[in-house]
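Colleague: Could you take me on a close look at one part of this model, the place where two of its helices meet? I'd be glad to hear how that contact fits in with what lies around it.

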Amino acid sequence: MTAIHSRQVSALLFDLGGVVIDIDFQRMLQHWLPHSRLTLDQMRNRMRPDAAYRQHERGELPDQAYMAHLAAVFELDMALTDVATGWNAMLVDQIDATLDLIDQVRGQVPCHAFSNTSAIHHGIWSTRFPRVAEVFDRLFLSFELGLRKPDIAAFHAVSNEIGVEPGEILFFDDTADNVAGARGAGLQGVHVKGPTDVRRALAERGLPCPD
């Protein structure tokens, strides 16, 4: 067992999209494609977390303004309500295997979520996947917090809110930059590609989850 695996874990912190909610950006682009002047490859090339994206996730840019921004970036000829439908189409389903693991371990250690998300997405996944909210002790959502990953200040804000030292928080995320940010803030970061990575990290830290 390596040294990091022997560190105390007093709280678990999970990303949502890509960890407990399946995300597929292709579904979003396919919804928009018939209404765009761009090819699918051109649309893919324009997918990047620009300043407006980050502002939207911090709650600084209203949903309608961000939908208008997306319509301009992807050259969409459609109503903003339809742009929003495509934006929400990326939310596929909850990842039950990971939610089961959280359910099994939450009696041993508090389990929280920290997601870069927006009010419009929250309105969808909280309704379609109610188990996601139910399985966690607390939800930290970037648009409510006014901070987003991978900023160190965001992780420290969550640490302060739950009253646990950063080094005693085990954090799971599917994005390498967010894991690096968490580690920079002192958390124990785990890069997740699927439920197996979550199970392994829990077991390595003495938090076994029965099959």
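Modeller: Happy to! Let's start with the contact itself, keeping in mind that this is a predicted model. On the H4 side, the residues involved are Gln64, Tyr66, Met67, Ala68, Leu70 and Ala71, and they meet Leu80, Val83, Ala84 and Trp87 of H5. By type, the residues of this contact divide into nine nonpolar, one polar and no charged. That fits a broader pattern: in soluble globular proteins, nonpolar side chains tend to be buried together.

Now for the geometry. Helix H4 covers residues 63–73 and helix H5 residues 80–88; their axes come within 9 Å and cross at roughly 85°. An angle from 65 to 115 degrees counts as roughly perpendicular, and H4 and H5 are therefore roughly perpendicular to each other.

H5 has other neighbours too. Its buried residues are Val83, Ala84, Gly86, Trp87 and Asn88. These pack against H4, and also against H1, helix H3 (51–57), strand E3 (91–94) and helix H7 (119–128).

Helix H1 (residues 25–32) is worth a stop, with Met28, Leu29 and Trp32 as its buried residues. Looking down the axis of H1, you would find these buried residues within an arc of 95°, so they line one face of the helix. The general reason is that an α-helix has 3.6 residues a turn, so residues three or four places apart point the same way. The buried residues of H1 pack against H4 and H5, and against helix H2 (40–45) as well.

Trp32 also leads us to the wider interior. Along with Leu12, Phe136 and Phe172, Trp32 is among the residues with the most contacts inside the largest nonpolar core, which has 50 residues. A second, separate core has 14 residues, including Phe114, Phe155, Ile169 and Phe171. Back in the largest core, Leu12 touches Phe172, and among its other partners are Val105, Val109, Leu170, Leu202 and Leu207.

One last residue deserves a look, Asp15, which is found in the loop between strand E1 (11–14) and strand E2 (21–23). With a cut-off of under 20% relative accessible area for buried, Asp15 at 5% relative accessibility counts as buried. Asp15 touches Phe172, as well as Phe114 and Phe171, and its contacts also include Lys149, Asp173 and Asp174. Asp15 and Phe114 are 99 residues apart along the chain, yet their C-alpha atoms are separated by 5.2 Å.

Note on methods:
Residues numbered from 1 in each chain as written. Predicted model: local features only at pLDDT ≥ 70, side-chain atom pairs only at ≥ 80, totals over all residues. Heavy atoms only, no water. Core = buried A, V, L, I, M, F, W, Y, C linked by side-chain atoms within 4.5 Å. Buried < 20%, exposed > 50% of the residue type's maximum accessible area, 1.4 Å probe, protein only. Contact = heavy atoms within 4.5 Å. Axes fitted to C-alpha atoms, helices over the stretch in contact; angles between N-to-C directions. Helix = DSSP H or I, 4+ residues; strand = E, 2+ residues; numbered from the N terminus. Parallel < 35°, antiparallel > 145°, perpendicular 65-115°, else oblique. Nonpolar A, V, L, I, M, F, W, Y, C, P; charged D, E, K, R; others polar. Arc of directions from axis to C-beta.
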